Amino acid sequence: MDVFELIKKTREKGCSDLHITAGTAIAVRRYGELSMLDDKPTLQESTDMILQLISDEADKEYVLAGHDLDIAATDADGNRVRGNIYHQRNNLAASLRLIEPVVPSLKELGMPTVLEDLAKLRHGLVLITGPTGSGKSTTLASMLNYINENMPRHIITIEDPIEYVYPYGQSMIHQRQVGKDVPDFNLALRSSLREDPDIIMVGEMRDFETIQAAVTAAETGHLVLSTLHTKSAAQTVERIISSCPSEAEPTLLSQLSSVLSGVITQTLVPTLDGDGRVAATEVMLMSPAISNLIKEKKVNQINTAIQSSLKMGMHTMNYSLTQLYKTMKISREEAFAHSNNPSELEKTMMM
């Protein structure tokens, strides 16, 4: 069985993820739900499929020696897949995310128009956040492609691994893969400041060193785009602060209050007709009030500040869920299942 043929069939069924485990059935994820395929390759067949995803012999030896490996691969049609190859019960396994062959537009994703405004900024820090599998990477790619189609910019991406490959447009885009083109995110960020970028995209801010470098890059006049695994704007600010050593906290709070331009939190909710998922979002934009709350470390008041700033283009996750429910795009049950504060959502729905 050819792994790229399997990926193609999985993609045609509208699935987002593919799981191959040596010696067991194959699983796919469609609209957030996992299901098993009837196909059950032999131990050797599934092992061969997993190894087929690795083009570099050194990487193959690395995996066979017992290590995990992040991968990205391209099939004959130019479609890309990213994933992780790992070991379980002394056998190989692979979890793959199928990447859309064409970067969707922000409008196609149903994103708020404020993302286009954020993409036009000359400097600042913009964060796309949400749980795993919520479409953060796709939204980030859509923002970059919007810039690429409309503005002459020098964009440097730092990714692990490289996901979307961008077509030629108005921008010059250089994509650097951690572990291949550069040792780590932190070094790549610091190095990028000497490479005349307008925009730096960091695939994920994983530690304080990367966060600090990203904040410094935004402070020195660049637009920095990145992601975090957080479920709200307030939680995003809290996560950044908690990653910081106590002695450096006052400086970070001051920097963050001046460079953070926006936090977009998203989650994917099954549609009412059961034939897809729609993005529910939370939008926090920098305002004098929110800047002061961050500087004074009053993170628990950020949600209230967002609620009172609807005219500025901000809204809470519960507001977005309510709008999706009232326009009959999602069910009431799914709205509550995806809310971080169900009691507040109940009140929002009654307004």
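Trainee: What is the relative accessible area of glutamate 195?

Mentor: This is a predicted model: local features need pLDDT of at least 70, side-chain atom pairs count only at pLDDT 80 or more, and totals for chains, interfaces and linings use all residues. Numbering starts from 1 along each chain as its sequence is written, and side-chain values use heavy atoms, without hydrogens and water. Buried means under 20% relative accessible area, exposed over 50%, and partly exposed in between (1.4 Å probe, protein chains only). Glutamate 195 is partly exposed, with a relative accessible area of 27%.

Trainee: Which residue forms a salt bridge with glutamate 195?

Mentor: A salt bridge needs a side-chain nitrogen of Lys or Arg within 4 Å of a carboxyl oxygen of Asp or Glu. Here the closest N and O atoms are 3.5 Å apart. The partner is buried, at 18% relative accessible area. It is arginine 176.

Trainee: How many residues apart in sequence are the parts that arginine 176 and glutamate 195 tie together?

Mentor: Helices (H or I, at least four residues) and strands (E, at least two) are DSSP runs, numbered from the N terminus. Arginine 176 lies in strand 9, and glutamate 195 in the loop between helix 7 and strand 10 (199-202), so the pair ties together parts whose separation is 19 residues.

Trainee: How many salt bridges are there by this rule?

Mentor: Glutamate 57 and lysine 60 make one (3.7 Å, N to O). Both lie in helix 3, three residues apart. By the rule, the count is 10.

Trainee: How many residues apart are aspartate 59 and lysine 180?

Mentor: Their side chains meet in a salt bridge at 2.7 Å, N to O. Aspartate 59 is in helix 3, while lysine 180 is in the loop between strand 9 (172-177) and helix 7 (185-192), so this pair links distant parts of the chain. Aspartate 59 is buried, whereas lysine 180 is partly exposed. The separation is 121 residues.

Trainee: Is isoleucine 54 buried or exposed?

Mentor: Isoleucine 54 sits in the loop between helix 2 (43-52) and helix 3 (57-64). Not counting residues up to four places away in sequence, isoleucine 54 touches Asp59, Lys60, Val63, Leu69 and Ile85, where contact means heavy atoms within 4.5 Å. Its relative accessibility is 5%, so isoleucine 54 counts as buried.
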